[in-house]
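Visitor: I'd like a close look at one part of this protein rather than a quick tour of everything. Could you pick one helix and walk me through how it sits among its neighbours?

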Amino acid sequence: MIVCQCNILSDREIEAAVERLLRDDPWQLIVPSKVYHAMGIRGRCCGCFGDVIAIIGRMTAELGPERDGEKSGDRRDSWRN
Ligand code: FES
């Protein structure tokens, strides 16, 4: 599915770029402009950025750093102790 009409980018191309960024550094903050810069392009109208943010969020949840504490609630408990 085409996500960015200005650059004719599909969701799969964006997912692949986000995956490469996460493999380089799973803790980095990824924003649409960083994804597009990594692909050698840039936003024009930026109307697609909402959809790109959704892709980044989904990919980060799947491939980002483990957050065992958040999943089990341990992290919050350990901050209180
Ligand atoms: S639709 Fe992506 S920059 Fe315009």
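Guide: Let's take helix α3 and follow it outwards to the parts it meets. One thing to keep in mind as we go: this is a predicted model.

First, a bit of orientation. The protein has five helices and two strands, and from the N terminus on they come in the order β-β-α-α-α-α-α. It has 81 residues, and 32% of them count as buried. If you look at contacts between residues with a separation of 6 or more, 51% of them join residues 24 or more positions apart. On the outside, the protein exposes about 5,700 Å², with carbon and sulfur atoms supplying 51% of that.

Now for α3 itself. It has 15 residues, and from its first C-alpha to its last it reaches 20 Å, close to the 21 Å expected at 1.5 Å a residue. Its buried residues are Phe49, Val52, Ile55, Ile56 and Met59. These residues lie on the same side of α3, because they cover an arc of only 110° around the axis. And what are they facing? The buried residues of α3 pack against β1, α1 and α2.

Let's start with α2, since there's a nice pair of rings to find there. Tyr36 in helix α2 and Phe49 in helix α3 are 13 residues apart, so the pair they make links distant parts of the chain. Here's how rings like these get described in general: you give the distance of the centres and the angle of the planes. For Tyr36 and Phe49 that is 5.6 Å centre to centre and 85° between the planes, which makes the pair edge-to-face. Both Tyr36 and Phe49 are buried. Elsewhere on α2 you'll find Ser33, and with 46% relative accessibility it counts as partly exposed. Ser33 is ten residues from Gly43 in sequence, and their C-alpha atoms are 7.0 Å apart.

Next, swing round to α1. This helix has 14 residues and reaches 20 Å from first C-alpha to last, close to the 20 Å expected at 1.5 Å a residue. Asp11, Ile14, Glu15, Ala17, Val18, Leu21 and Leu22 are its buried residues. They share one side of α1, because their arc around the axis is only 165°. Turn to the other side of α1 and you'll see Arg12, Arg23 and Asp24, which are exposed. The cover over the buried residues of α1 includes β1, β2, α2 and α3.

Two residues of α1 are worth zooming in on. Leaving aside neighbours within four places in sequence, Val18 is in contact with Ile30, Val35, Ile56 and Met59. Then there's Glu15, also in α1. Its relative accessible area is 17%, so Glu15 is buried. Not counting residues up to four places away in sequence, Glu15 touches Ile55, Arg58 and Met59.

Finally, let's put the pieces together. In soluble globular proteins, nonpolar side chains tend to be buried together. In this model, the largest nonpolar core has 17 residues, and Ile14, Val18, Ile30, Val35, Tyr36, Cys48 and Val52 are those with the most contacts inside it. At least two residues of this core come from each of β1, α1, α2 and α3. So if you trace the buried side of α3, you meet β1, α1 and α2.

Key
Residues numbered from 1 in each chain as written. Predicted model: local features only at pLDDT ≥ 70, side-chain atom pairs only at ≥ 80, totals over all residues. Heavy atoms only, no water. Core = buried A, V, L, I, M, F, W, Y, C linked by side-chain atoms within 4.5 Å. Buried < 20%, exposed > 50% of the residue type's maximum accessible area, 1.4 Å probe, protein only. Helix = DSSP H or I, 4+ residues; strand = E, 2+ residues; numbered from the N terminus. Contact = heavy atoms within 4.5 Å. Areas by Shrake-Rupley, 256 points an atom, 1.4 Å probe, with all protein chains shown as cover. Expected span 1.5 Å × (residues − 1). Arc of directions from axis to C-beta. Phe/Tyr/Trp six-rings, centres within 6.5 Å; stacked < 30°, edge-to-face > 60°.
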